[in-house]
Amino acid sequence: MSPNPAPSLLDRLRRGEAARDLGFLVVLLAAAAWIAVPALSGDGTTLAGTQTAAVVVAVAVAAAGLNLLSGHARLISLGQGAFFAIGAYVSAYLSVDSALHPLVAIVVALVVTAAFGGLLALCTMRLRGPAFAMVTLVVAILTERVLAEWAPLGRLSGYPNTLDHGSGLMPPIEIFGTSLEPPLFAGTEATVVVAILVVAVVALVGYRNVARSPWGRSLHAIGTSEHLAAHLGVNVFGRKVAVMALASTYGALGGVFYAQVFAHLQPESFTMLLSITMILAVILGGAGTVAGPLVGAVIIVLLQRTDVLTPLVDLQRQVSDTWYLSTPGLIGVLLVLTLAFLPQGIVGGLGELAHRLPGRAAPAAAPAAAPQAAAASATASSPAPDGDDVLLAVRGVSKSFGGIKAVQAAELVVRRGTIHAVIGPNGAGKTTVANLVTGVYGIDSGEITFDGRRIDGRRTHAIVRAGVARTFQTPLLFTHASATENVLAGFPDTGRLPLVRAWLKDPGQYRRTRELQDRAAALLELVGLGGDGHVEAGSLPYGKQRALEIARALASDPRLLILDEPAAGLNTAETAELGRLMLTLRAQGLAMVVVEHHMDLVTQVSDEVTCMESGAVLAHGTAAEVLAEPAVVEAYLGVEMEETA
Ligand SMILES: Nc1ncnc2c1ncn2[C@@H]1O[C@H](COP(=O)(O)OP(=O)(O)OP(=O)(O)O)[C@@H](O)[C@H]1O
C-alpha cells in the first residue's frame, strides 16, 4: 500500500484531530494568560491568588502523570507526592548556595526522579494488585520522614539555619540576564510564574499527546488485561517501567514548580496528604480521561487553599465544638461521595452523559479503503524462504501444570496459506497449545518454530511482532471503547511507537492516525461491522464481538492467525459468515489455526485437522480422514453425540 499523501491543514481540521488539539492548546493558553496577567502586575493584593494558581498548575502536572500510571494503566500509586517532593528538594538543594545553576539543578532533579521511579518499577512491577500500591505508600511515608528528620534539608526551610549555615530563600533563576522572581513580594513582577506556565503548557500538551496516542492505548490495554496487552505486541514489563518513570518525572516537575513559587521548602507541605490530594484530583476529575486530573486539581487545590469549605466546617462545629473534621477531613468525605455517586469522576461522568444524549451524532466514519485492499495488507507475508511451505511447527512439545499433563509430545504443522483445525474433547489441551505458541507459558520440552525460527522461550509480544495474532476463547475487548478504538489497538503502533514520538506528536503522527483510521474502517467492513465503528464494543451482540476480535487481530498484519473457538456462541448464520470470512482470508494468503468444536465449520474450512485427546495427538489428516478415525469418533464425537443425545 502506498503511503497516504500528507493531509492539508484544512483536511486535518475537517477530520477534527488537529482542531481538537488546537482547542486544547487554546484553553491552556487562555488559562495561562489569566494567571500570568495578575502575576506580572506586581500588585501585592494578587500574590495569594497567584500562589494558589501556581499550586493548581503544579498539582495538575503531577496529577496528569499519575493519571497515565493509575488511571490508564491502573497501576495504583499512593506515592506521587513523594516524587513531587523529591523533584522539589533535589532541585532546591542543588541550587541553594549556587552549587549548580538552577536550570541544571532542575534537569538533574527530573532525571534523578525519573531514574528513581524507573528503578522502583523495575524492582516492583512483577508484583500484582495491591502490592505495588503498598510499595508506593511506603515510599511516600519514608520520603515524608526523611524530609522531616534529615538536618541538611533544613537549609531549604526559608529561615537562616544555624545547623547548616542555610541562608533562607533559594536564589531565583537567572536566564538571559533576567531574574525569574517568585510571587512572594509586593511590587515585584512574578516572572517565574510565566516560565512555569510555559513549561506546564508544553508538559500538558505532551501528556495529552501520549494519552491519546497508541502509547496511551497500550496503557489502557495493560489496565484492562496484561495478557491482552502482550498479545497486542506490547512489552508489558518495559512499558510499565516506562510509564512509572514518566509519571515520576511529571510528579517531579510539579515539585520543581512548587519550589520555584515559594523559594523555600518545609516538610509539612509534603506529607501523605499531598499524595492523597493527587489521587483525589485524578479520581474526582475522572481517572483515565485526559482532562480529568486537570479539572480535579483545580477543584481540590481551591478547596484546600481557599475558605470555600469554612461554612461547612462551622456548620459541623455546631454539632460539636470539641472536634471537627477540618478541610482534609471534608475532602476525604468528598472522595467517598465521588466514589459512591460519580465513580467515573466529573469528566468521565460528563462524557458518559454526552454519550447517552439522544440524537448524538455518530462520529463521521473515515472513508473506507476497499476491504480487499485492507485485508491484503493485513495478510501480506514475506516470501517463503527456500520454498519451505511450513509456517508453524510444533514438534514434540509437552507441558505440565503440576501433576496435570496438559500437552504431551504434541505435533502440529501449519503450512502457509492453509487452515489447520485443532479439535478434541474438553480438556484435550487445545487452548494450551495455542498458549504455548504465543508464549503465554514456556514449554517443558520439544520445540516450536515460526517461519523457520525458534519461538519457544520468546515472550508473547515478541512472538506477536514476528507475525502471530490470536483471538481468545472468551472475547477480550475494551468493552467501554468503540469498535474502531478496539481495532486501532491492534495495529503494531500500540506496542512499537516510541514514547518520545508519542509525546511530541510530530506531523507524521497525524498522517499515521488517518491511515490507521482508514485501515480500521476497512477491517471492520471486512468482518461485517462496517456500520458499527462508533458503537461501544461491550454493547455489540456476542457474534459481532467475536468478529471485532478478528478485525483487531488482523490489524497487526499477521502471517498466522490463531482463532480459539471462534464459533462458540454464534448462531447458524453467524457461523456461516465466519466460515466465509476465513475462506476469504485464506484466499489472500493468511494461515490459520482454528481451535473448534463446531464440526460443520471445521469440515467447511480446514485443509488439515489435528485431533487431540488428554494432551496428545490422536489423529491427523484431512477433515474427512480424521473424522472417520474410530478413535476420534470414540474419544470426541462419541462424547459429543452422547451429550447431545
Ligand atoms: N494455567 C493452567 N494451570 C493449571 N492447569 C491448566 C492450566 N491451563 C490448562 N490447564 C489444564 O490443562 C488441561 C488442558 O486444558 P485446555 O484448556 O488446553 O483444554 P482444551 O482442549 O482447550 O479444552 P476446552 O475445549 O474445554 O477449551 C486441562 O486439564 C486444564 O485444566
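The following questions and answers concern helix H2 and the confidence of this predicted model.

User: What is the mean pLDDT of the chain?
Analyst: In this predicted model, 87% of the residues of the chain reach a pLDDT of 70 or more. Over residues 1-5, however, the pLDDT is below 50, and this stretch has five contacts beyond near neighbours in sequence. The mean pLDDT of the chain is 86.

User: How many contacts beyond four places in sequence does the model have for residues 640-645?
Analyst: The pLDDT stays under 50 over residues 640-645. Beyond four places in sequence, the number of contacts for this stretch is zero.

User: How far apart are the end C-alpha atoms of helix H2?
Analyst: Helix H2 covers residues 17-41, a run of 25 residues. At 1.5 Å a residue, helix H2 should span 36 Å. The distance in the model agrees with this expectation: the end C-alpha atoms are apart by 37 Å.

User: Is Gly23 buried or exposed?
Analyst: Gly23 lies in helix H2. Within 10 Å it has 11 other C-beta atoms. A residue counts as exposed if that number is 12 or fewer, so Gly23 is exposed.

User: Which helices are included in what covers the buried residues of H2?
Analyst: The buried residues of H2 are Ala31, Ala32, Ile35, Ala36 and Ala39. What covers these residues includes helix H3 (47-72) and helix H7 (191-212).

User: What phi does Gly42 take?
Analyst: Gly42 comes just after H2. Its phi is positive, at about 75°.

Definitions and conventions: Residues are numbered from 1 along each chain as its sequence is written. This is a predicted model: local features need pLDDT of at least 70, side-chain atom pairs count only at pLDDT 80 or more; totals for chains, interfaces and linings use all residues. Helices (H or I, at least four residues) and strands (E, at least two) are DSSP runs, numbered from the N terminus. The expected span of a helix is 1.5 Å times one less than its number of residues. A residue is buried if 20 or more other C-beta atoms lie within 10 Å of its own, exposed if 12 or fewer, and partly exposed in between; C-beta atoms are placed from the backbone. Two residues are in contact if their C-beta atoms, placed from the backbone, lie within 7 Å. pLDDT is the predictor's confidence in each residue, from 0 to 100.
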